[in-house]
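Subject: Structure handed over, with notes on what was found

Dear colleague,

I am passing on the structure we spoke about, together with some notes on the ligand, the pockets and the backbone. Please read them with the structure open beside you.

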Amino acid sequence: MIHAHLTIDPHFAVGPIDRRLFGSFVEHLGRCVYDGIYEPGHPRADEDGFRQDVIELVRELGVSTIRYPGGNFVSGYRWEDGVGPREERPRRLDLAWHSTETNEVGLDEFSVWLRKVGSDLMYAVNLGTRGVQEALDVLEYANIRSGTALSDQRVANGTPEPHDIRMWCLGNEMDGPWQLGHGTAEDYAQLAGKTARAMRQIDPGLELVVCGSSGAGMPTFGEWERVVLQETYDEVDFISCHAYYEPRDGDLGSFLASAVDMDRFIDSVVATADHVKALRRSDKTISISFDEWNVWYQSRYEDVDKITDIATWPVAPRLLEDSYSVLDGVVVGSLLISLLRHADRVTSASLAQLVNVIAPIMTEPGGPAWRQTTFFPFAVTSALARGRTLELKLDGPAYDTALYGSVPLVDAVATHDPETSSTAVFLVNRSLEEEATVEIDAALLGAVEIGSIQTLHDADIHAANTLADPERVGLQANRTAHRDGGVVTVTLPPVSWTAITLV
Ligand code: AHR
């Protein structure tokens, strides 16, 4: 039996939790948009063609900000293809995913959908095949009330109110050789800096995200961030991080420790950003937008580049439709712990993606929508993690991993909302075999009772929710918890994620 001990002290905070930590990502990729959020012929489609069952699930998931329209897609995208009368919109080749884009959904429709789900838009501009002018154009179209060519065009297209998009990504993964328009860090830094300066001439209050690395394993990682920030430091607010995890060669121990990699990735980007801050003698601190993160079985994924015959580039094909197990859900829960632990510097994040494509929500055309295992830790963390992240003292045993060395078997983070005096503790037991008993010393919180306890676990760690069995896996009430004075004790099953509230 594993024993771990943690002490909660509400006086020591890491930082306030920005709601934008619970963002997601919708890309024109596979069936994320078409046959995902939008399916006009579906029995539950609303008057705009959006699936109401999906809207309900997105609301339940508790998603704050949604990044759109890509992803690799955006680096070849012409935003103006997606506005105006639908029957006049062009069909285009999507070079990123070897698909055909019909442009039935674009900025105006997506903004309508966002109002229905209650989320904010984080818009990515194309700095792959395009540049400063097109970024200015979409900004004018989206955010200027009226009285200019492009804002009047939006009004004429049926959207009288500006979209007022506050957060803008300056391209996507421009460090990746697969990216349309990929170049050196210096090339990208110049373009991002020019674009940011120009966009700020329209609205100095925009929040701008410059591309960091598409993974900590990229050969240019670290140097890319330094070069890009040295050029753009005064112009941007965020630098992005992207990370996807999957088990390699059956090594589940390392996979369960993926959050260690995420911790190190964040710490390295913070160090690099602060190094540039020092070089520039700047008072400004750059935040991290972890705007793509998830479990993604890339090794199972067939390379779209093999589809070379343009005549066969399909509309909304089934791409990247990972089915997630309990094990994957536990890893997603532990990645959320890592993000929360860095709440002082990671103030925006996007679970990639939202529907069908490496997603917590799956749909069947004409059929049901259901929650994947990864849905549960995200929804519960988004609902319960309020106020600020606390510094936590955690003692417990460790295990050896092939990828990350010695790693704690139990990981945890606590959040505290001074307004409601409620505290939430999120825990993961990474052991493949053993239960873990955790003592939570909550005496410094004063008199508290155990509120809710929910655990994601299954005797079969590979169990998943599927079209045939959409409710196979869910959260379970954990009945092991008890309080003795100021100490709450709870038992965590092997390979499990748990959320406890203390009220
Ligand atoms: O989320 C899937 C893809 O992963 C995105 O399009 C890209 O940005 C990343 O490589």
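What follows takes the ligand first, then the two pockets, and then some points of backbone geometry.

Please bear in mind throughout that this is a predicted model.

To begin with the ligand, the residues that surround it are Phe25, Glu27, Gly71, Asn72, Trp97, Asn172, Glu173, Tyr244, Glu292, Trp296, Gln353 and Ile358. By residue class, this shell is made up of five nonpolar, four polar and three charged residues. Oxygen atoms of the ligand come up in three polar pairs with the protein: one is 2.9 Å from a polar backbone atom of Asn72, one is 2.7 Å from an N or O atom in the side chain of Glu173, and one lies 2.6 Å from a polar side-chain atom of Glu292. Of the 280 Å² of accessible area that the ligand has on its own, the protein covers 96%.

The site of the ligand is the largest pocket, which holds about 930 Å³ of space. Its lining consists of 43 residues, and those nearest the centre of the pocket are Trp178, Ser214, Tyr244, Trp296 and Gln298. The elements that contribute two or more residues to this lining are β9 (238-245), α7 (252-256) and α8 (258-279), and β9 gives the most, with four residues. Tyr244 and Trp296, listed here among the residues nearest the centre of the largest pocket, also belong to the group that surrounds the ligand. In composition, the lining of the largest pocket divides into 22 nonpolar, 12 polar and nine charged residues.

The second largest pocket has a volume of about 270 Å³ and is lined by 15 residues, of which Ser119, Asp120, Leu121, His163 and Asp164 lie nearest its centre. Both α2 (107-117) and β6 (120-125) supply at least two residues of this lining, with α2 giving the most, namely three residues. The lining of the second largest pocket comprises five nonpolar, four polar and six charged residues.

Turning to the backbone, I would ask you to look carefully at the loop between β3 (65-68) and β4 (92-94), where Pro69 is found. The peptide bond from Tyr68 to Pro69 is cis, with omega near 0°, and a cis peptide bond also joins Gly70 and Gly71, with omega about 15°. Gly71 lies in the loop between β3 and β4, and Gly71 is also one of the residues around the ligand.

A further point concerns Glu173, whose side chain has already appeared in a polar pair with the ligand. Glu173 is placed in the loop between β7 (167-170) and α5 (185-202), and its phi is near 40°, a positive value in a residue other than glycine. These points are picked out because most residues other than glycine have a negative phi and most peptide bonds are trans.

When you go through the structure yourself, the residues that surround the ligand, including Gly71 and Glu173, may be a convenient place to start.

With best wishes

Methods
Residues numbered from 1 in each chain as written. Predicted model: local features only at pLDDT ≥ 70, side-chain atom pairs only at ≥ 80, totals over all residues. Heavy atoms only, no water. Near = heavy atom within 4 Å. Polar contact = N/O pair within 3.5 Å; in protein donor to acceptor, adjacent residues only side chain to side chain. Areas by Shrake-Rupley, 256 points an atom, 1.4 Å probe, with all protein chains shown as cover. 1 Å grid on protein atoms, 1.4 Å probe; cavity = no way out; pocket = protein on both sides within 12 Å on 5 of 7 lines; lining within 4 Å. Sits in = over half its atoms within 2 Å of the grid points. Nonpolar A, V, L, I, M, F, W, Y, C, P; charged D, E, K, R; others polar. Points joined across faces, edges and corners; volume = space filled by probe spheres on them.
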